Amino acid sequence: AKACGRNNFQFFAAAMNTRVREHLELENRLRQALARHELSLHYQPQYDLQSGRLSGCEALMRWHNPELGQVAPDKFIPIAEDSGLILPLGEWALNEACRQVMAWQAQGLPLLSVAVNVSAVQFRHADLAAMVERVLRSSGLPPALLELELTESVLAENLEQVNATLQRLKQLGVRLAMDDFGTGYSSLAYLKHFKLDTLKIDRSFVSDLPGSSDNAALAITIIGMARSLGMTCIAEGIETMAQHDFLRGHGCTHGQGYRLSKPLASAAMAELLATSSRH
Ligand code: C2E
Ligand code: CA
Ligand code: CA
Ligand code: CA
């Protein structure tokens, strides 16, 4: 038993070591990713479910490292958050998204609104409102076309500081969205108190619609809640026609997901914009 315990420990230590080393290696490479131009944004179209029209897009970060290949955001965003790298990366993403929307307009394409993910770490540590103001000014993007996607964990922190930051962001004229709604700890009271503009129904509630009666009930409840609070409601992760029809039928106003479009590189998004403006 003793030998076995020791073996387990050695196995565990070796596995730990590998994980720590992997983490450090990723962090070191990520540290250089910005300067080496390894980051880009993809844009996932968002649609008005009732009219079928393009209504905006969500900017999603992509990292291509020459040695590692494509690294998924679910892998590198947490590392960026732990190391503080999310501050420069998040500022870069915001700036790039705003710049891109204005560049499309300069090419004669229609102006469209863009949603950018904001990490709770950015919300906590940086002077977020000042950074957003700076980016809006330098890009020239009309503030109403920018939506910041916040997660529920942001609202669970120091209420006064959260309140002050949200007020400053609102004064800038940007829109605020609650991302992944239903997966965290947010209460109805928070939602009402902070007067956010948009509620995004998390993919986990959409994935087995309409088959799961639990998720169907939850989705209908969230849609009703958004409506009664005067919020726009966006369903995420719509993959099937059945999900699409269910959500539209129950009054969900907006949606995004592979059924409508995958996230697109900027050139492909520009093509989509060109065709959508001809309708
Ligand atoms: P998220 O904000 O919830 O973004 C939605 C994710 O779902 C994206 O994954 C998107 O590609 C994926 N998705 C969209 N439609 C579908 C669908 O129909 N089916 C499925 N299975 N997936 C779909 P992605 O791009 O890998 O990003 C993962 C997460 O990484 C994001 O989740 C977000 O939390 C984070 N992230 C991505 N870019 C940024 C960023 O610029 N800043 C910050 N702070 N976080 C980011
Ligand atoms: Ca998001
Ligand atoms: Ca989400
Ligand atoms: Ca998510």
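# A tour of the calcium sites and the ligand pocket

Start with the calcium ion (ligand 3), whose donor residues follow the sequence spacing D-D-x55-E. The model on your screen is predicted.

**Stop 1: the calcium ion (ligand 3).** Select Asp179, Asp180 and Glu236 together with this ion. Asp179 and Asp180 each coordinate the calcium ion (ligand 3) through OD, and Glu236 appears twice, through OE. The distances run from 2.0 to 2.7 Å. Now trace the chain between two of these residues. Asp179 sits in strand β6, while Glu236 sits in the loop between β8 (232–235) and α11 (241–249), so the pair ties together parts that are 57 residues apart in sequence.

**Stop 2: the calcium ion (ligand 2).** Keep Asp179 selected. Which ions does Asp179 bridge? It bridges the calcium ion (ligand 2) and the calcium ion (ligand 3). These two ions are 3.7 Å apart.

Now add the other donors. Glu58 (OE), Asn117 (OD1) and Glu149 (OE) join Asp179 (OD) around the calcium ion (ligand 2). They lie 2.2 to 2.3 Å from the ion. Read along the sequence, the donor residues have the spacing E-x58-N-x31-E-x29-D. Colour two of them by strand: Asn117 belongs to β4 (residues 114–117) and Glu149 to β5 (residues 146–150). This pair links distant parts of the chain, 32 residues apart.

**Stop 3: the calcium ion (ligand 4).** Select Asp180 next. Its place is in strand β6 (residues 175–181). Which residue coordinates the calcium ion (ligand 4)? Asp180 does, listed twice through OD, at 2.9 to 3.1 Å. Asp180 is also among the donors of the calcium ion (ligand 3). Draw a distance from the calcium ion (ligand 4) to the calcium ion (ligand 2): the two are 6.0 Å apart.

**Stop 4: ligand 1.** Turn to ligand 1 and show the surface. The space taken by ligand 1 is the largest pocket. How many residues surround ligand 1? There are 20, and the closest are Gln44, Arg62, Arg203, Glu239 and Tyr258. By type, the shell around ligand 1 divides into seven nonpolar, five polar and eight charged residues.

Colour the chain by secondary structure. β2 (54–65), α2 (73–83) and β6 each supply at least two residues of this shell. Which element gives the most? β2 does, with four residues.

Now look for contacts made by oxygen atoms of ligand 1:

- Tyr258: a polar backbone atom is 2.8 Å from an oxygen atom of ligand 1.
- Glu58: an N or O atom in the side chain is 3.3 Å from an oxygen atom of ligand 1.
- Asp180: an N or O atom in the side chain is 3.3 Å from an oxygen atom of ligand 1.

On its own, ligand 1 has 800 Å² of accessible area, and the protein covers 84% of it. Two of these contact residues have appeared already. Glu58 is a donor of the calcium ion (ligand 2), and Asp180 coordinates the calcium ion (ligand 4).

**Stop 5: two backbone details.** Select Leu209 and Pro210. Is the peptide bond between them cis or trans? It is cis, with omega near -5°. Pro210 lies in the loop between α9 (203–206) and α10 (213–228).

Finish at His37. Its phi is positive, about 55°, although His37 is not a glycine. Look for His37 in the loop between α1 (2–33) and β1 (39–48).

How values were computed: Residues numbered from 1 in each chain as written. Chains lettered and ligands numbered in written order. Predicted model: local features only at pLDDT ≥ 70, side-chain atom pairs only at ≥ 80, totals over all residues. Heavy atoms only, no water. Donors = N, O, S within 2.8 Å, 3.2 Å for Na, K, Ca; no water. Near = heavy atom within 4 Å. Polar contact = N/O pair within 3.5 Å; in protein donor to acceptor, adjacent residues only side chain to side chain. Areas by Shrake-Rupley, 256 points an atom, 1.4 Å probe, with all protein chains shown as cover. 1 Å grid on protein atoms, 1.4 Å probe; cavity = no way out; pocket = protein on both sides within 12 Å on 5 of 7 lines; lining within 4 Å. Sits in = over half its atoms within 2 Å of the grid points. Nonpolar A, V, L, I, M, F, W, Y, C, P; charged D, E, K, R; others polar.
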